[in-house]
Amino acid sequence: MEVKFKIFRFNPKRDKAPRFDTFTVEASLNDRILDCLNKIRWEQDGSLAYRMSCGHGICGSDGMTVNGVASLACQKLVKDYDHTKDILIEPLQFFPVVKDLVVDMTPFFQKMKVIHPSSGTDVTDVEEGKELKQTIEDRALFDDAIKCIMCACCTSSCPVVLKEEPEFIGPAAVLRAQRYIFDSKVKDVLDRLKIMEKPHGVWSCKSYFKCTEVCPKRIKVTEAILQTKRKILRELHPTGT
Ligand code: FES
């Protein structure tokens, strides 16, 4: 079966403007989009640039926009799309393009850095030789958040980041903060809550749910953001002030 791909091409060092190239690939319904990109690079155009590493939804490096939706190319199959039409492949939105489908992730990691308070240590002090216990229920409070592979699909799909407030730290950073805030072994909870309520922090989220829709690990990102907002109200503003 022949499948056509329309792929964003741009080398800012050389090209005046982006363009789209079309490639036809011999593929089966169960081939991954990543398999098709590999075929194109190996057999048709070795200059096509994209990131990949594990090939199995673990490393998060092959985030890209497929038919308008941020996705991991290794998790999407040809049969997930209408393959009678061109499948459109573009870089993740919001991030500057380095080349073709490779984006500069610096803004993403800068947003992540914000959640680490400069004061205090993370893990609650433990008496030497003593086990630091955590109940199953306590551990479950951040079970979902630790599945994040930092692919940036959520940040690249967030309408607040894209259209309203590019400075918003974004869903992935709030999710990472939630992981620490709800971990009973971490002690600087209040510091993180205070960071979260600064301008461009958690209150910028308008619960569009786009992050939850696109997350390749099926993390309930919006729910984690709402939990963080509720925790701020409980811990920092118990009297409603
Ligand atoms: S290549 Fe690692 S997540 Fe897709």
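These legends accompany close-up views of a predicted model.

Local features here need pLDDT of at least 70, side-chain atom pairs count only at pLDDT 80 or more, and totals for chains, interfaces and linings use all residues. Residues are numbered from 1 along each chain as its sequence is written.

**View 1. Two domains and where they meet.** The domain assignment, automatic or from a database, gives domain 1 (2-103) and domain 2 (106-236). Their C-alpha centres lie 30 Å apart. Across the boundary, 14 residues of domain 1 are in contact (C-beta atoms, placed from the backbone, within 7 Å) with 14 residues of domain 2. On the domain 1 side, strand β4 (residues 69-72) gives the most, with four residues. That side holds eight nonpolar, six polar and no charged residues. Here Ala, Val, Leu, Ile, Met, Phe, Trp, Tyr, Cys and Pro count as nonpolar, Asp, Glu, Lys and Arg as charged, and the others, Gly among them, as polar.

**View 2. Helix α9 from end to end.** Helices are DSSP runs (H or I, at least four residues) and strands are E runs of at least two, numbered from the N terminus. The 16 residues of α9 (221-236) reach 22 Å from first C-alpha to last, close to the 22 Å expected at 1.5 Å times one less than the number of residues.

**View 3. The two sides of α9.** Val221, Thr222, Ala224, Ile225, Thr228 and Ile232 are buried (20 or more other C-beta atoms within 10 Å of their own; exposed means 12 or fewer, with C-beta atoms placed from the backbone). Seen down the axis, the buried residues fall within an arc of 165 degrees, so they line one face of the helix; the arc is that of the directions from the axis to the C-beta atoms. They pack against α4 (153-157), α6 (171-181), α7 (189-196) and α8 (210-214). Turned away from this buried side are the exposed residues Arg230, Leu233 and Arg234.

Technical notes: Two residues are in contact if their C-beta atoms, placed from the backbone, lie within 7 Å.
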